[in-house]
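Biologist: I should like to understand how the terms used for a protein model follow from their definitions. May I put some questions to you?

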Amino acid sequence: MTEWTILGAGALGCVIAGQLHQKGERVGFMLSERHRGHFHPNLDLITLSGRHQLIQSQPRFPEHARKVECLMVFTKAYHVLGALKELQHLPKSTPIILFNNGMGLTEQVKELMPDNPLLVGVCSHGAMKEQDWLVRHTGKGETWLGALNEAGKEWTHLLKPLAASLGHCEWSDDIALHQRHKLAVNAVINPLTAYNNISNGQLVEPRFHDVLEQLTDEVYQVIARLNGSDAESKDAFRRRLQQVIEETAINYSSMQQDLANGRKTEIDYITGFILKHADGIPVPVSQQLYDEIKRREA
Ligand code: PAF
């Protein structure tokens with residue numbers, strides 16, 4: 001049985017770790033230096049049914065990298081390359097699954113880890129951290145897995161244990177399509193909630209009606225052009241967006257939390273991706289939100 005090593009103990013990483021652990025899978029956390037001496041061995045996961053599930057896990061540090069059998073990366077997008085660089089002893093045969101938010105890292109990861117099997121995971125489960133080691137699973141979602149290189153294609157068998165733990169889990173030969181699908185929702189909810197310092201549910205208030213409409217339209221057009229014949233209809237995108245807003249109404253988006261807590265945000269990998277691929281499509285709201293969030297970050 002493969003041991004799953006989670007890099008990045010954020011809300012989603014903890015929920016996935018918790019779900020794998022519940023199904024009897026072996027799970028460990030790969031931690032960075034700043035966690036040394038501060039690691040809490042028990043993760044308290046509040047499941048969808050509201051039950052508290054205590055999960056004991058073994059902390060791992062970069063010097064343990066040679067023992068890692070499968071690495072799942074949940075760190076913030078801007079930490080992915082730095083965190084992977086620390087794992088010099090990671091065996092070249094170890095598959096790396098990138099679950100980070102946003103897009104725009106694949107070429108750099110391929111360059112950095114040319115021999116490892118590389119995969120991308122796109123996961124829409126809802127997760128919220130209530131305290132450092134207290135995490136709530138807020139919504140069931142889908143998980144898609146796909147390969148980034150030839151070696152990654154040999155790892156389709158990971159689907160089985162993942163599906164047993166997470167529910168829906170499927171393979172995609174076009175994983176970038178699923179990444180853009182997820183990114184589209186993030187490119188609307190995250191910058192708007194961060195900029196206005198509001199919860200996701202507050203986006204439906206009448207004062208945000210126009211800006212929400214305009215941003216939805218911009219993001220839809222850019223993503224639809226990239227997705228070509230696989231693009232969803234605008235109505236389908238609106239419904240999907242509405243559903244995420246409703247299901248996560250009491251949550252604060254990751255970008256809102258980052259900005260409100262003085263941390264760097266993932267704006268470059270989310271709105272930055274929209275701006276980079278706009279290619280003539282007018283994206284004034286995205287540009288304004290990008291500029292303002294970068295200004296506040298600085
Ligand atoms: O980044 C986030 O916070 C989440 O992906 C989402 C779906 C916007 C919910 O808060």
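Biologist: Before anything else, in what order do the 4 strands of the open sheet stand?

Modeller: The order is 4-3-10-9, and the pairing is mixed. Strands here are DSSP runs of E with at least two residues, helices are runs of H or I with at least four, and both are numbered from the N terminus. Please note that this is a predicted model, in which local features need pLDDT of at least 70 and side-chain atom pairs count only at pLDDT 80 or more, while totals for chains, interfaces and linings use all residues. Residues are numbered from 1 along each chain as its sequence is written.

Biologist: What makes strand 3 and strand 4 a pair?

Modeller: Two strands pair if DSSP finds at least two bridges between them. Strand 3 (residues 42–46) and strand 4 are joined over 5 bridges in the antiparallel sense, so they satisfy that definition. One of the bridges links Asp44 to Leu54 in strand 4.

Biologist: Why are strand 4 and strand 9 said to stand at the edges?

Modeller: Strand 4 (52–56) and strand 9 each have a single partner strand, so one side of each is left without a neighbour in the sheet.

Biologist: What is the order of the sheet of 8 strands?

Modeller: This open sheet, also of mixed pairing, runs 5-2-1-6-7-8-11-12. Within it, strand 1 (residues 3–7) and strand 6 (residues 70–73) run parallel and are joined by 4 bridges. Ile6 has Met72 of strand 6 as its bridge partner.

Biologist: Why is the protein chain called as compact as a globular protein of its length?

Modeller: The globule rule is 2.2 Å times the number of residues to the power 0.38, and the radius of gyration is taken over C-alpha atoms. For 298 residues the rule gives 19 Å, and the radius of gyration of the protein chain is 19 Å, so the chain is as compact as a globular protein of that length.

Biologist: What share of the residues of the protein chain count as buried?

Modeller: Of the 298 residues, 42% count as buried. A residue is buried if 20 or more other C-beta atoms lie within 10 Å of its own, exposed if 12 or fewer, and partly exposed in between, with C-beta atoms placed from the backbone.

Biologist: Into which domains is the protein chain divided?

Modeller: Domain 1 covers 4–173 and domain 2 covers 177–297; such bounds come from an automatic or database domain assignment. Their centres, taken over C-alpha atoms, are separated by 24 Å.
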